[in-house]
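Reader: I should like to go through the classifications assigned to this structure and the criteria behind them. Please show it first.

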Amino acid sequence: MVKAEVVVATALAACAGAVDLFALSELGGAFASVVTGNLVNTGFGLGTADVARIVPSVTAVAAFGVGVVAWTLVWRRGLLGPLCAELVLLLGVLAWWVATGAAPGHAGSLVLLALAAIAMGGQSIAALRLGAATTYLTGALTNALHDLVSGRAGSRRAAVRQLLALVLGALAAAGLRTLSRTALPALPVALLLVAIITARRRRVS
């Protein structure tokens, strides 16, 4: 039987992939969780005086930081609380997106991007308690390749699983976007619900 922690971590990575695809394609061209990419994009925007590139990236980085700080302060332990709070934010994103007919406008897109990034910052704190990477996977890839080349025992399988889940989440979101843009933010909500239900039923803490 697959461990509950594995199911939760995998679902969260897929959720992050779907959220990032949504943010990147629909909310101004910034990632909701990839801070490094957003910082590089900010530098690009500053170097070219491109405000349209700077604002979404800065918004996402700041909001992600808010999520990390808030979840750290409010939830000192446990997993369900942080994940349920993330769910509330992603449901808010979905409701706003649907209510505006998938056309929230520039200001609305920035607000939705901020909410999504806060949710991903919060998810990062929940992932720390799982001992798994779900939103920042550069380190996971680096460690896995380092362990492979050096012959050290490590968590290569877990890293590959999380990276694959992230890609598949983004791939599924891209497919859904083609079929129905309005339904796009429903996918990360569904994936997060899988994580929450699994954590609750199997008492993952």
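Reader: What makes Trp71 buried?

Author: The relative accessible area of Trp71 is 6%, and buried means under 20%, exposed over 50% and partly exposed in between, with a 1.4 Å probe and protein chains only; Trp71 is therefore buried. As to provenance, this is a predicted model, in which local features need pLDDT of at least 70 and side-chain atom pairs count only at pLDDT 80 or more, while totals for chains, interfaces and linings use all residues. Residues are numbered from 1 along each chain as its sequence is written, and side-chain values use heavy atoms, with hydrogens and water left out.

Reader: Why is the pair of Trp71 and Trp75 called tilted?

Author: Rings of Phe, Tyr and Trp (its six-membered ring) pair if their centres lie within 6.5 Å; planes under 30 degrees apart count as stacked, over 60 as edge-to-face and the rest as tilted. The ring centres of Trp71 and Trp75 are 5.4 Å apart and their planes stand at 50°, so the pair is tilted. Trp75 has 23% relative accessibility and therefore counts as partly exposed.

Reader: How many aromatic pairs does this rule give, and what makes the pair of Phe22 and Trp97 edge-to-face?

Author: The count is two aromatic pairs. For Phe22 and Trp97, the ring centres are 5.0 Å apart and the planes lie at 90°, so this pair is edge-to-face. Phe22 belongs to helix H1 (residues 4-26) and Trp97 to helix H4 (residues 80-99), so the contact ties together parts 75 residues apart in sequence. Helices here are DSSP runs (H or I, at least four residues), numbered from the N terminus. Both Phe22 and Trp97 are buried.

Reader: How do you know that Glu26 forms a salt bridge with Arg177?

Author: A salt bridge is a side-chain nitrogen of Lys or Arg within 4 Å of a carboxyl oxygen of Asp or Glu. The closest N and O atoms of Glu26 and Arg177 are 2.4 Å apart, so the criterion is met. Glu26 lies in helix H1 and Arg177 in helix H7, so the bridge ties together parts 151 residues apart in sequence. With 12% relative accessibility, Glu26 counts as buried, whereas Arg177, at 35%, counts as partly exposed.

Reader: What makes Glu26, Arg177 and Arg181 a network?

Author: Glu26 also forms a salt bridge with Arg181, the closest N and O atoms being 2.7 Å apart. Arg181 is in the loop between H7 and H8, so this pair ties together parts 155 residues apart in sequence. Glu26, Arg177 and Arg181 are thus linked in a network of salt bridges. The whole structure holds three salt bridges, one of them between Arg53 and Asp50 at 3.7 Å, N to O.

Reader: Why does Val149 count as exposed?

Author: Val149 has 74% relative accessibility and therefore counts as exposed. Val149 is in helix H6 (residues 138-150).

Reader: Which residues have the most contacts inside the largest nonpolar core?

Author: They are Met120 and Leu192, in a core of 52 residues. A nonpolar core is a set of buried Ala, Val, Leu, Ile, Met, Phe, Trp, Tyr and Cys residues joined through side-chain atoms within 4.5 Å. H1 gives the most to this core, with 13 residues.

Key. Helix = DSSP H or I, 4+ residues; strand = E, 2+ residues; numbered from the N terminus.
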